[in-house]
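Student: I'd like to go through this one by asking why each label applies. Can we set the values against the cut-offs as we go?

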Amino acid sequence: DVRAVIKFHDDNLVVESLTANGADGAKASITGRLDGLSTGAEIDLRITCADAPIDERLFSAFEPAPREALELLFDARSARSLNAAGLLPDANALIVQRQELSRLSDDEANRPTRERLQRSISAGPFQLGGRCGFEIRVYSEPGWGKPVVVTGDVRVHDAGLLFARFPYPLRLKEGAIRVLDEAIEIMGDGLKATTPAGGELLVTGSVQIPRMPKNGSKDGAADGATDGAGSDRGLRPLIRISDKDDALNPALLAAIPHAGNEMPSGWPGADLAPAGQLLGALGLSGRIQLDGLVDSDESGKERFSFKIDFDHGTASPDAAGRAELDAEGMPWPPEFQLEDCTATLLLTPERVVIEHCEGRNGTGSISAKGYSELEGPNRLIELELKALPIGRAFEGYLASDPAEAAARFARYAPSGAIDGTIRREVTETSALTSGSLTPQSIELNLDGTRMRAERIAGRLAVSAS
């Protein structure tokens, strides 16, 4: 259904008005002119649409490089992979969240969780794409063979967003994207969205798509598209991510990227990047705030840095998590759990840094700091124990053989509280444990009698390799 008023004057064409109905209820209008038809027209057209679907038909209106940059924000590959792993906040996930919400009491302590779940439920199920309005300019300089440049503003509403370099499923109510010749910019205050767990996430920044000499320059990108004027177009993301009042969840772990431009099969989804694997192995749950940056170095290799603040949490690795931590040189005792955890973690492609971590076990506490390299064997963890209950966490110190250590623990049934420091460092050539333990008090079974001792002086040295 097309209606138009088009006028010709000498070698020029003027589109005074053109309206057409497109797919899914979209209605577009075009105005503009083509000057110098016989000599290679200068093209200057304006296309507006108040409501249209965000899909391949919209992306195909742009030249390859801007189209690729737009598709980074609505990544179909990531959506398929996350859906196969059951990690999209779909209708079934929202049913589970409604059930969780119904079980929460009206206590003030539960208010943040109730509000988070309600935000997720109100955002509705995730569906990639959505609806948008746009105002687009189509321009080409006079002369034959000149590139056509498509620029303009795309205003997104009720959309599902997946940024390929940090594919965390986002449900967006509204936001705007500006398409320029050499960049895709997020407009205004950014894209405000709801995460799978109900966090409030803000995305700002741009994806630069600079024109470079054919076949790339010395700083050319490893990936990118080619325009119609003999130029390669590299992709240079500069995306800032801020997430607050969220909860650590499997979709967030799955979104943590690999190093560089790696996007292996199974990621995002069932297979986690190294940093996600380490966090998943720790069995963490709790409230988080995340601030991150995804960008690229001078060679075009992409990189990321995230800071995660974690509180009101627990750390309770399951058997698989303990086995993974043990393989990484960071053994975790069975039946050992930390509660009321707070932590600050720094994530980069090279390592996970524990700036600080503190949690409670029984009547005592433990604090930790250290790092784990993701592309090498180096690990360091430093622990400080304060009145930590003597339990199976210390079983390994009773004997080098695990079975014998368990038998001795069962025989003596030690209990009490202990202070101390433990340092474990793993390198390419060694794994060393050192420190000291200072019992406050200790009880154990000896010859059928329960014995108790209070510390007057002394400590136990810890050393292992």
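Tutor: Below, we take the labels one by one and check them. Keep in mind that this is a predicted model.

Student: Fine. Why is phenylalanine 8 called exposed?

Tutor: Exposed means over 50% relative accessible area. Phenylalanine 8 has 61% relative accessibility, so it counts as exposed. It is found in strand 1, residues 2-9.

Student: Which surface patch does Phe8 help to make?

Tutor: A nonpolar one of about 290 Å², made by Ile6, Phe8 and Leu37. Nonpolar side chains are joined into a patch within 5 Å, and patch residues need over 30% relative accessible area and no salt bridge. With 61%, phenylalanine 8 clears that area cut-off, so it qualifies on area.

Student: What makes the contact between glutamate 16 and lysine 7 a salt bridge?

Tutor: The side-chain nitrogen has to be within 4 Å of a carboxyl oxygen. For glutamate 16 and lysine 7, the closest N and O atoms are 3.1 Å apart, so the pair passes. The structure holds 25 salt bridges.

Student: And are those two residues buried or exposed, or something in between?

Tutor: In between. Buried ends at 20% and exposed starts over 50%. Glutamate 16 has a relative accessible area of 40%, so it is partly exposed. Lysine 7, at 45%, counts as partly exposed too.

Student: How do you know that lysine 173 and aspartate 158 form a salt bridge?

Tutor: Their N to O distance is 3.7 Å, and the limit is 4 Å. Lysine 173 lies in strand 7 (residues 166-179) and aspartate 158 in strand 6 (residues 148-163), so this pair ties together parts 15 residues apart in sequence. Aspartate 158 has a relative accessible area of 47%, so it is partly exposed.

Student: What does the salt bridge between arginine 423 and glutamate 382 tie together?

Tutor: The N to O distance there is 3.1 Å. Arginine 423 lies in strand 21 (residues 415-426) and glutamate 382 in strand 20 (residues 379-389), so the bridge ties together parts 41 residues apart in sequence. Arginine 423, at 32% relative accessibility, counts as partly exposed, and so does glutamate 382 at 27%. Elsewhere, Glu443, Arg450, Arg452 and Glu454 are joined into one network by salt bridges that share partners.

Student: Let's move to the helices. Why is helix 7 called oblique to helix 8?

Tutor: The axes of helix 7 (residues 274-281) and helix 8 (residues 319-327) come within 8 Å and cross at roughly 125°. Roughly perpendicular covers 65 to 115 degrees and roughly antiparallel begins over 145, so an angle of roughly 125° falls in the oblique class. That makes helix 7 oblique to helix 8. The crossing is left-handed.

Student: Which residues of helix 7 are buried?

Tutor: Ala275, Gly276, Leu278, Leu279 and Ala281. Just after helix 7, glycine 283 takes a positive phi of about 65°.

Student: What about the loop before helix 7? Which peptide bond is cis?

Tutor: The one from tryptophan 267 to proline 268, with omega near -5°. Proline 268 lies in the loop between helix 6 (250-255) and helix 7.

Student: What makes histidine 312 and glutamate 335 worth a look in phi?

Tutor: Histidine 312 has a positive phi of about 50° although it is not a glycine. Glutamate 335, also not a glycine, has a positive phi of about 60°. Histidine 312 is found in strand 16 (residues 302-315), while glutamate 335 is in the loop between helix 8 and strand 17 (338-347). The cut-off for exposed is over 50%, so histidine 312 at 62% counts as exposed, and glutamate 335 at 65% does as well.

Student: Last one: how do you know that leucine 117 is buried?

Tutor: Buried means under 20%, and leucine 117 has a relative accessible area of 1%, so it is buried. Leucine 117 is in helix 5 (residues 111-123). Glutamate 115 is in helix 5 as well, but with 38% it is partly exposed. The C-alpha atoms of glutamate 115 and glycine 198 are separated by 8.2 Å, with their positions 83 residues apart along the chain.

Methods. Residues are numbered from 1 along each chain as its sequence is written. This is a predicted model: local features need pLDDT of at least 70, side-chain atom pairs count only at pLDDT 80 or more; totals for chains, interfaces and linings use all residues. Side-chain values use heavy atoms; hydrogens and water are left out. Patches are made of residues with over 30% relative accessible area and no salt bridge: like charges are joined within 9 Å, nonpolar side chains (Val, Leu, Ile, Met, Phe, Trp, Tyr) within 5 Å. Accessible areas come from the Shrake-Rupley method with a 1.4 Å probe; for residues, only the protein chains shown count as cover. Helices (H or I, at least four residues) and strands (E, at least two) are DSSP runs, numbered from the N terminus. Buried means under 20% relative accessible area, exposed over 50%, partly exposed in between (1.4 Å probe, protein chains only). Axes are lines fitted to C-alpha atoms, for helices over the stretch in contact, and angles run from 0 to 180 degrees between N-to-C directions. Angles under 35 degrees count as roughly parallel, over 145 as roughly antiparallel, 65 to 115 as roughly perpendicular and the rest as oblique. A crossing is left-handed if the near helix is turned anticlockwise from the far one by less than a right angle, and right-handed if clockwise.
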